[in-house]
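Please open the model in your viewer and keep the selection panel at hand. The stops below are arranged so that each selection leads on to another.

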Amino acid sequence: MSRFVRSFSAEYRKVLATKLWWIMALVLFLYTAMMAGTFAALFGAMSDQAGTAAPGAKIIYASAASFGYVVPLLFGAIMATTEIRYGVLGLAFIAEPKREIVLVAKLAMLLLMGVALGLAGVLASVGVGAPIYAALGGATELNEIGVWALIVRTVLAIALWSIIGFGLGLLLRSQAVTIVVALIFTQFLEPILRMGAMFWEWSASIARFFPGAATDSFIGASLINDLSALDPTAPTGSASLTALQGGLVLLALAVITVLIAWVVRWRKDVQ
Amino acid sequence: MSKAEHTRGLPVVVSGLNKSFKDVHAVKNLTFTAEPGRVTGFLGPNGSGKTTTLQMLLGLIKQDSGIATIGGKQYAELERPGLTVGASIAAVFHPAHTGRAHLDIMRRAIGAHPKKVAELLELTGISAAADRKIGGYSLGMKQRLALAAALLGDPKVIVLDEPVNGLDPEGIRWIRMFLRHLASEGKTVLLSSHMLAEVQQTVDDAVIIRRGELVFSGPLKDLGHTSAGPFVLVDSRDRLILQDALVRAGFEILGIRNDGPMRVPNATPAEVGEVASIAGVPLTHLSAEQVDLELSFLNLIESFGTGESGSATFGSATFGTDSFGTDSFGTDSFGTDSSNTAFSNTESSGSGELGTDRSQASNQPAGLSQPDRSGHSAEAPGSPK
């Protein structure tokens, strides 16, 4: 245990040694503030027509993860690829030759920083989204326990995405390639596939397992899912996953990427 | 760790290590020991497998066979590896970290006292740069930082990969005194270098490898005995008569067509003087050549194994001395049967003329840079570094 504490202490100090963590937190805050603010304005303007049944507030608060999850993904990926890029992974392995300890310490630190990022995200989605939404006549629902549970799940989802990014970074190794892959997949490929998959039942039943879709299910609010719900022609058998299922898919994704990275990278020779 | 181990110190024992990377057999059945209280120089050209060996010692890469231990245990099995062994491989850092942050990260990882950071910054003379990013450090400052990091845990064993690489003469002198001091405290100091000249006055023992194979292991002072020397330098206005007399007396002669004195291996000035006297040849020069460790080192790292065209190119390209080649043919034509093992070794390997080349060149002031160049030419293509 004390070996873990030493490794964790070193990893924690390592994160604080560069500006990356607060730049990422700032990016997530600003990006979320923009998205949440836009949705709040949009939904707020529509609130008199849609009535109280509209899931407006939840989508606004969840935007920190449902749109911002690319930020913790990049954070984890950069944490992994920076050490590969500068060839400094060996330093940690010399200090602690039991590599599983180093890995667990790193994951613990990533979870911690992921939660910190998540807090920055919901600070923006709630702090910016709620006042705008309320000003336009929307119901903020902040007195509801369910909404706060959603906010907590948003933070957890962001933390999990930093782990997934770390595993992905280890696997791809190249920082540039990892960043490009992360951006293309999350910003273009997955949204397009999810939208396209709605037209057929078989594809929709696959698409709900997509990382972004699972994230939305886990959190419990999704703009894309709600859009399809508004469309009466959409297939009905492809209901999105439950929060538990979504959470498990996300967790499995994190565990599998890290496990593969452990087998094919982490325990291998370090040059 | 027992009290006895404290006082005895911990030897580093490398035993039968093998490692291959794809098509390169980087380390071949390597065995040596670095003793406590001594500075052991782990020497060889670039790409000869030094770093690979140290990486195996520290568990960074896995050997195909063999074992490397520190005080009888593999690195990963040590109770407190970071406090037992202070190591620096390749002096790599995260360029955006400050020197102080780097040391703080490392000391947290091994569980050393926080005050060690400032202490070692002071000791290695980089306090002034401690809060600057390492990306802006000179190579010499990085070497000092790497040394500081290696000493954080007050280790009994210090393993340094190329610690003098990039240091200025003052820095080399400084690290020499530093490492000698550590060894005098009973610590085991193992350092690698491709430059014998830079560590010659630092190391007690030398372990020399070439293409992953051990070619010498023992006290540095014994290194000279393995070379082709000692040589006698001799010259006369009537060189042909002198050559004839020496050959008839059973001596080999090198450097016949040089402007400078000829060189007679395995002889004493008295013997050569006597031959000349009997032959009635007046000498213009007679002296014994100093045993040159650097030369012995170069002979070792290049003459073992196959004489490759790459090495041969190095010989003539570096020193631009085609005439040396001619000389060696001259030597061959004399057909002297040399009893010297080192020389018969070079001859059998087909690179006998190289020995001559280097012998001559080692007298040149440019000699310091030789190992570096030889390292490049001797480097196996694609070999890991």
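Begin in chain A by selecting helix 12, whose buried residues are A:Gly246, A:Gly247, A:Val249, A:Leu250, A:Leu253, A:Ala254, A:Thr257, A:Val258, A:Ala261 and A:Trp266. A residue is called buried if 20 or more other C-beta atoms lie within 10 Å of its own, exposed if 12 or fewer do, and partly exposed in between, with C-beta atoms placed from the backbone. Helices (DSSP runs of H or I, at least four residues) and strands (runs of E, at least two) are numbered from the N terminus.

What you have open is a predicted model, in which local features need pLDDT of at least 70 and side-chain atom pairs count only at pLDDT 80 or more, while totals for chains, interfaces and linings use all residues. Residues are numbered from 1 along each chain as its sequence is written, and chains are lettered from A and ligands numbered from 1 in the order in which they are written.

With helix 12 (residues 243–266) of chain A still selected, check its length: the 24 residues reach 32 Å from the first C-alpha to the last, close to the 34 Å expected at 1.5 Å a residue, where the expected span is 1.5 Å times one less than the number of residues. Now add helix 6, helix 7 and helix 10 (211–219) of chain A, which are included in what covers the buried residues of helix 12.

Move next to helix 7 (residues 145–172) of chain A. Its 28 residues should span 40 Å at 1.5 Å a residue, and the end C-alpha atoms are 40 Å apart, which agrees. Helix 7 of chain A is mostly covered, with 21 of its 28 residues buried.

Just beyond this helix, select A:Arg173, which follows helix 7 of chain A and lies in the loop between helix 7 and helix 8 (175–197). A:Arg173 has a positive phi of about 65° although it is not a glycine. Most residues other than glycine have a negative phi. Is A:Arg173 buried or partly exposed? With 14 C-beta neighbours inside 10 Å, A:Arg173 counts as partly exposed.

Still in chain A, display helix 3 (residues 56–66) together with helix 6 (residues 99–135), which pack at an angle of about 150° with their axes 7 Å apart. The axes are lines fitted to C-alpha atoms, for helices over the stretch in contact, and the angles run from 0 to 180 degrees between N-to-C directions. Helix 3 of chain A is therefore roughly antiparallel to helix 6 of chain A; angles under 35 degrees count as roughly parallel, over 145 as roughly antiparallel, 65 to 115 as roughly perpendicular and the rest as oblique. Helix 3 of chain A passes helix 6 of chain A in a right-handed crossing, a crossing being right-handed if the near helix is turned clockwise from the far one by less than a right angle, and left-handed if anticlockwise. Among the residues that make the contact are A:Ile60 and A:Tyr61 of helix 3 and A:Val122 and A:Tyr133 of helix 6, where contact requires C-beta atoms, placed from the backbone, to lie within 7 Å. By class, this contact of helix 3 with helix 6 has nine nonpolar, five polar and no charged residues. Ala, Val, Leu, Ile, Met, Phe, Trp, Tyr, Cys and Pro count as nonpolar, Asp, Glu, Lys and Arg as charged, and the others, Gly among them, as polar.

Now show both chains and colour the interface, a contact that takes 24 residues from chain A and 26 residues from chain B. On the side of chain A that touches chain B, helix 1 (2–16) and helix 5 (89–95) of chain A each supply at least two residues, and that side divides into 11 nonpolar, seven polar and six charged residues.

Cross over to chain B, which has 16 helices and 12 strands and in which buried residues make up 48% of the 385 residues. Select helix 4 (residues 99–110) and helix 6 (residues 139–151) of chain B, which pack at an angle of about 25° with their axes 9 Å apart, and are therefore roughly parallel to each other. Here B:Gly99, B:His102, B:Leu103 and B:Met106 in helix 4 meet B:Leu145, B:Ala148 and B:Ala149 in helix 6.

Finish with B:Phe42 in strand 3 (residues 39–43) of chain B, which is buried, with 31 other C-beta atoms within 10 Å. Leaving aside neighbours within four places in sequence, B:Phe42 is in contact with B:Lys50, B:Leu190, B:Leu191, B:Ser192 and B:Val207.

Technical notes
Two residues are in contact if their C-beta atoms, placed from the backbone, lie within 7 Å.
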